[in-house]
Amino acid sequence: MAALRPGRKTLLPVLCRAFTGRGCQLAPERGTERRDAAPSREKEEFIHSRLKAKGLGLRAESGQKATLNAEEMADFYKEFLSKNFRKHMYYNRDWYKRNIAITFFMGKVALERIWNKLRLKQKKTSS
């Protein structure tokens with residue numbers, strides 16, 4: 001990309017400001033690990049509670065990890081998605097905002113490239 005070559009103005013600071021106005025966050029956000037681990041942790045807790053309610057242990061007699069059937073897991077996912085609906089809605093909204101901002105700046109770069117090419121052609125023909 002011409003806009004990201006050394007010696008030219010870069011779009012990186014502009015893109016970073018467009019995302020949330022909090023400065024550039026190229027590194028993963030703090031708390032990402034905690035947020036990503038929450039569904040797994042809640043899933044494990046759900047499985048443990050259901051197995052305990054059935055009177056089963058975490059391991060079957062054969063030594064394999066005990067699991068739940070698809071219907072029981074569907075109950076977990078329905079509950080999990082209902083409980084976290086707002087969080088997912090806000091995440092999706094922010095994701096679309098960021099992607100629209102990126103698309104806008106990509107369009108801006110494309111228009112600048114076209115404009116610069118036209119300007120160079122006009123200078124060559126007038127000289």
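The following exercises, each with a worked solution, concern charged and buried residues in a predicted model.

Residues are numbered from 1 along each chain as its sequence is written. Local features need pLDDT of at least 70, side-chain atom pairs count only at pLDDT 80 or more, totals for chains, interfaces and linings use all residues, and side-chain values use heavy atoms, with hydrogens and water left out.

**Exercise 1.** State how many salt bridges the model has, and describe the one between Lys-83 and Glu-42.

*Solution.* A salt bridge is defined as a side-chain nitrogen of Lys or Arg within 4 Å of a carboxyl oxygen of Asp or Glu. By this rule there are four salt bridges. In one of them, the side chains of Lys-83 and Glu-42 meet with an N to O distance of 3.0 Å. This pair links distant parts of the chain, 41 residues apart: Lys-83 lies in helix 3 (residues 70–83) and Glu-42 in helix 2 (residues 32–54). Helices here are DSSP runs (H or I, at least four residues), numbered from the N terminus. For accessibility, buried means under 20% relative accessible area, exposed over 50%, and partly exposed in between (1.4 Å probe, protein chains only). Lys-83 is exposed because its relative accessible area is 52%, whereas Glu-42 is buried because its value is 18%.

**Exercise 2.** Describe the salt bridge between Glu-72 and Lys-54, and classify both residues as buried, partly exposed or exposed.

*Solution.* The closest N and O atoms of Glu-72 and Lys-54 are 3.0 Å apart. Glu-72 belongs to helix 3 and Lys-54 to helix 2, so the pair links distant parts of the chain, 18 residues apart. Glu-72, at a relative accessible area of 13%, is buried; Lys-54, at 45%, is partly exposed.

**Exercise 3.** Describe the salt bridge between Asp-94 and Arg-93, and give the accessibility of each residue.

*Solution.* The side chains of Asp-94 and Arg-93 meet at 3.7 Å, N to O. Asp-94 counts as partly exposed at 32% relative accessibility. Arg-93 is also partly exposed, with a relative accessible area of 43%.

**Exercise 4.** Determine whether the span of helix 4 agrees or disagrees with its number of residues, and identify buried residues in this helix.

*Solution.* The expected span is 1.5 Å times one less than the number of residues. Helix 4 (residues 85–126) has 42 residues and should therefore span 62 Å. Its end C-alpha atoms are 61 Å apart, which agrees. Buried residues in helix 4 include Ala-101, Phe-105 and Val-109.

Conventions: Helix = DSSP H or I, 4+ residues; strand = E, 2+ residues; numbered from the N terminus.
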